[in-house]
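Work through the exercises below with the sequence and the model open. Try each task before reading its solution.

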Amino acid sequence: MLVRVLCVSSVAAGMTSDGMERLVASAQRRNRQLDLTGALLNGDGRFVQALEGREEAVDSMMAKIEADQRHTGTQILARQNITKRAFGAWDMAFIQDAQWLQNFEAVGDGTMTVDALVSILVDKVEARRSAPY
C-alpha cells in the first residue's frame, strides 16, 4: 500500500545553509534507496515535508525524521492512502519559501483540503524544478 504523509516541524537553532544542503542531499540518497519520493519546504524557521511511498518505508523514515535533531516538534498534518504518487519525479524536491508555508496552516484550520494543498505543492515544485538550492 502507498501512503503520503504531510508534516511540519521547527528548524533547530544553528541550522546553516551548508547544513541545509547536506540535509537535502542525504534525504535524496536515502529516499532513492528506499523508493520514497516527496518535497521539503523551508522557510520562516519551519520545515514542511511531503513524503510518499510504501507504508513500511514511510513509517520507518518518519520515525527517523521525528528523532532527527536538526528540527523539533514534528507534527503530522495528514496521512493518506494513495494509489499514485504526486511527487514521483523527485527523491526529495527542495524549496525555500516562507510565504508559501501559510498554505499548510490552511490545511490545519480546515480552510484547504489536503488534496488541494498537494496539487499546489506539485505545481510549485514543477515551477522551481530547475532552480538551484
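**Exercise 1: a hairpin and its loop**

Task. In the hairpin of E2 and E3, which residue takes a positive phi?

Solution. Step 1. The hairpin of E2 and E3 has two residues between the strands, and Asp44 takes a positive phi near 55 degrees there. The model is a predicted one.

Step 2. Asp44 has this positive phi although it is not a glycine. Its place is the loop between E2 and E3.

Step 3. The relative accessibility of Asp44 is 58%, so the residue counts as exposed, the cut-off for exposed being over 50%.

Step 4. The two strands of the hairpin, E2 and E3, run antiparallel and are joined by seven bridges. Gly43 is opposite Arg46 of E3.

**Exercise 2: a second positive phi**

Task. Where does Asp35 lie, and what is its relative accessible area?

Solution. Step 1. Asp35 lies in the loop between H1 and E2. Asp35 follows H1, and its phi is positive, near 60 degrees.

Step 2. Asp35, too, is not a glycine.

Step 3. Its relative accessible area is 43%, so Asp35 is classed as partly exposed. That class covers values between 20% and 50%.

**Exercise 3: the partners of E1**

Task. How many bridges join E1 to E3, and how many join E1 to strand E4?

Solution. Step 1. Nine bridges join E1 to E3, and these two strands run antiparallel. Two facing pairs can be found in the model: Val8 stands opposite Val48 in E3, and Ser9 stands opposite Phe47 in E3.

Step 2. E1 is also joined to E4 (residues 71-82) by nine bridges, and this pair runs antiparallel. Here Ser10 stands opposite Thr72 in E4.

Step 3. Turn to burial. In E1, seven of the ten residues are buried, so the strand is largely enclosed by the rest of the structure. In E3, seven of the nine residues are buried, so E3 is also largely enclosed by the rest of the structure.

**Exercise 4: helix H1**

Task. Which residues of H1 are buried, and what covers them?

Solution. Step 1. Begin with the length of the helix. H1 has 18 residues, and its first and last C-alpha atoms are 26 Å apart, close to the 26 Å expected at 1.5 Å a residue.

Step 2. The buried residues are Gly19, Met20, Leu23, Val24, Ser26, Ala27, Gln28 and Asn31.

Step 3. Look at the spacing in that list. An α-helix has 3.6 residues a turn, so residues three or four places apart point the same way. Gly19, Leu23 and Ala27 are among the buried residues to check against this rule.

Step 4. The cover over the buried residues of H1 includes strand E2 (37-43), E3, H2 and strand E5 (93-96).

**Exercise 5: the cavity**

Task. How many cavities of 30 Å³ or more does a search of the whole structure find, and which residues lie nearest the centre of the largest cavity?

Solution. Step 1. The search finds one cavity of 30 Å³ or more. The volume of the largest cavity is about 200 Å³.

Step 2. Its lining is made of 18 residues, and those nearest the centre are Leu23, Leu40, Gln49, Ile65 and His71.

Step 3. Sort the lining by element. Strand E1 (2-11), helix H1 (17-34), strand E3 (46-54) and helix H2 (55-67) are the elements that give two or more residues to the lining. Leu23 also appears among the buried residues of H1.

Step 4. Sort the lining by class. It holds eleven nonpolar, four polar and three charged residues.

**Exercise 6: acidic residues on helices**

Task. Are Glu66, Glu56 and Asp115 exposed or partly exposed?

Solution. Step 1. Glu66 lies in helix H2. Its relative accessible area is 46%, so Glu66 is partly exposed.

Step 2. Apart from its neighbours within four places in sequence, Glu66 is in contact with Thr74 and Ile76. Glu66 and Ser9 are 57 residues apart in sequence, but 9.0 Å apart in space, C-alpha to C-alpha.

Step 3. Glu56 is in helix H2 as well. At 53% relative accessibility, Glu56 counts as exposed. Between Glu56 and Leu2 there are 9.1 Å, C-alpha to C-alpha, and they are 54 residues apart in sequence.

Step 4. Asp115 is in helix H4 (residues 114-127). Its relative accessibility of 51% counts as exposed. Asp115 and Ala86 are 29 residues apart along the chain, with 9.9 Å between their C-alpha atoms.

Definitions and conventions
Residues are numbered from 1 along each chain as its sequence is written. This is a predicted model: local features need pLDDT of at least 70, side-chain atom pairs count only at pLDDT 80 or more; totals for chains, interfaces and linings use all residues. Side-chain values use heavy atoms; hydrogens and water are left out. On a 1 Å grid over the protein atoms alone, a cavity is a set of points where a 1.4 Å probe fits but cannot get out, and a pocket is an open set with protein on both sides within 12 Å along at least five of seven lines; lining residues have an atom within 4 Å of a point. Grid points are joined across faces, edges and corners, and a volume is the space filled by probe spheres set on the points. Helices (H or I, at least four residues) and strands (E, at least two) are DSSP runs, numbered from the N terminus. Ala, Val, Leu, Ile, Met, Phe, Trp, Tyr, Cys and Pro count as nonpolar, Asp, Glu, Lys and Arg as charged, and the others, Gly among them, as polar. Buried means under 20% relative accessible area, exposed over 50%, partly exposed in between (1.4 Å probe, protein chains only). Two strands pair if DSSP finds at least two bridges between them. The expected span of a helix is 1.5 Å times one less than its number of residues. Contact means heavy atoms within 4.5 Å.
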